[in-house]
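Please open the model in your viewer and keep the selection tool at hand, since this tour moves from one selection to the next and says what is there at each stop.

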Amino acid sequence: MTSATRTRPPGPTEPAARALGPDLARGFMLLFIALANTHYFLRGPAVLGGYPHAGSAVDAAVTWLLTTFVDGRAFPMFGLLFGYGVAQIARRQRERGARGVRRLLWRRSAALVTVGLTDALLFFVGDILAAYGVLLFLGVWLIRWRDRWLLVLAVAFLALNALPSGDASTISREPADPSMLPPDLSAMLTHRVPVALFIAALGPIGFLAPFAVGLWAGRRRILEQPERHRRALTVAAVAGLGAAVLGAQPIALLLAGIIEAPGQQTLAWLASLHGTTGTLGGLGYAALISLLAVRLAGRRRPIVDAIAATGQRSMTFYLMQSMTWAVVFTPFLLDLSGTLTVLGTAVLAAATWAAGVVIADRMRRAGWRGPFEVLVRRVTYGRREVRAA
């Protein structure tokens, strides 16, 4: 690492100076994303929704847990936190004026697209950083929208994404294809380029609703000051997570092998219900973690600080996960996609996240920022401002 990545080691009172809620939410978000991604690499004689059939009873139980609490619930929280972070940047940089903020965010957008496409081509084709970069490039125009129109936009895109589709990943019977599990380097590049560009281009449609809500919440600093918004956060947590758990049950019971699959049209509607309530669940998770931050304020513990440190370096550890999946699952590397079970991938995901938490905490204690956070900041703000920060 360069000297630009080093900061003064935090003193004993410094953790309280930074709002815990957003960082803690980003830290837990990485666990949910890891759990949501890994099972899609598995191979089997029959696959539905990224889960091989005919597994053990333990695998069925893990499938139910992941489908109920993780799948389709992690990425909306990512979108909310991304929009929230954009609102924070716009607030802190308002002295630049509207045009200056747009240019700054466009530079950040370019960095995200570049890093995201590189990750998609080399490590994990399902990378969403490029999609968020595209979303940011267009979303800068939303920063000056009134609150009312941000919420109207969020509801409109939530309704749009609620339309049923037979192509939903939740009900797909397609196994991992060569873009996920390339047999060699040549096939990796050939198959991944169109898929990565497709995700980058169309991903923003699915992420726009939580992004707009995040912009709205960021203006009010709801996650940074949860003690002032306790009632609203409680309602969001209970309603969002309640809807997510109930709305997931038809698909969760189906993928766990407890009920039989209905007709394709009904199945498409159930997948839509799973995805729509999942968006509400992602918002509910962010609210719940913010309420947890209120309870933890003033009595930090080492584990909490470590998870928050991971959230402060979320891009670095998100990319670390991609590199791990590449090593473990790629056919010309370890090639464990036909060996691991659903339980095995869940354990791998949790262990990878836990290793990231340990590393992030060591970086926090040493006063080191994440290298990819430094890279994006340097592109966004320039070398001088990064060194001065």
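Select helix α3 (residues 74-92) together with helix α9 (residues 264-296), and turn the view until you can follow how α3 passes α9 in a right-handed crossing. In this predicted model, the axes of the two helices come within 7 Å and cross at roughly 60 degrees, and α3 and α9 are therefore oblique to each other. To see where they touch, show the side of α3 that carries Pro76, Met77 and Leu80, which make the contact with Gly278, Thr279, Gly282, Leu283, Tyr285, Ala286 and Ile289 of α9.

Stay with α3, and now add the nonpolar core to the selection. The largest such core has 99 residues, and those that touch the most other members are Met77, Phe78, Val86, Leu105, Phe211, Tyr318 and Trp325. Helix α3 supplies the largest share of this core, 12 residues. Which residues is Val86 in contact with, leaving aside its neighbours within four places in sequence? Selecting Val86 and its surroundings will bring up Leu105, Leu136, Ile143, Phe211 and Leu215.

Next, select helix α5 (residues 129-139), which is mostly covered, as eight of its 11 residues are buried. The buried residues to colour are Leu129, Ala130, Ala131, Tyr132, Gly133, Leu135, Leu136 and Gly139. If you then display the surrounding helices, you will find that these buried residues of α5 pack against α3, α4 (97-122), α7 (185-220) and α11 (314-329). Leu136, one of the buried residues of α5, is also one of the contacts of Val86 that you have already visited.

Move on to a second pair of helices by selecting α2 (residues 57-69) and α8 (residues 230-255), which pack at an angle of about 145 degrees with their axes 8 Å apart. Here α2 passes α8 in a right-handed crossing. On the α2 side, pick out Thr63, Trp64, Thr67, Thr68 and Phe69, and on the α8 side look for the residues they meet, namely Ala244, Val245, Ala248, Gln249, Ile251, Ala252, Leu253 and Leu255.

For the last stop, select Arg364, which is found in helix α12 (residues 342-366). Is Arg364 buried or exposed? Its relative accessible area is 18%, and because buried means under 20%, Arg364 counts as buried. Finally, show the side chain of Asp361 as well, and look for the polar contact of 2.8 Å that joins the side chains of Arg364 and Asp361.

Technical notes. Residues numbered from 1 in each chain as written. Predicted model: local features only at pLDDT ≥ 70, side-chain atom pairs only at ≥ 80, totals over all residues. Heavy atoms only, no water. Core = buried A, V, L, I, M, F, W, Y, C linked by side-chain atoms within 4.5 Å. Buried < 20%, exposed > 50% of the residue type's maximum accessible area, 1.4 Å probe, protein only. Helix = DSSP H or I, 4+ residues; strand = E, 2+ residues; numbered from the N terminus. Contact = heavy atoms within 4.5 Å. Polar contact = N/O pair within 3.5 Å; in protein donor to acceptor, adjacent residues only side chain to side chain. Axes fitted to C-alpha atoms, helices over the stretch in contact; angles between N-to-C directions. Parallel < 35°, antiparallel > 145°, perpendicular 65-115°, else oblique. Left-handed = near helix turned anticlockwise from the far one by under 90°.
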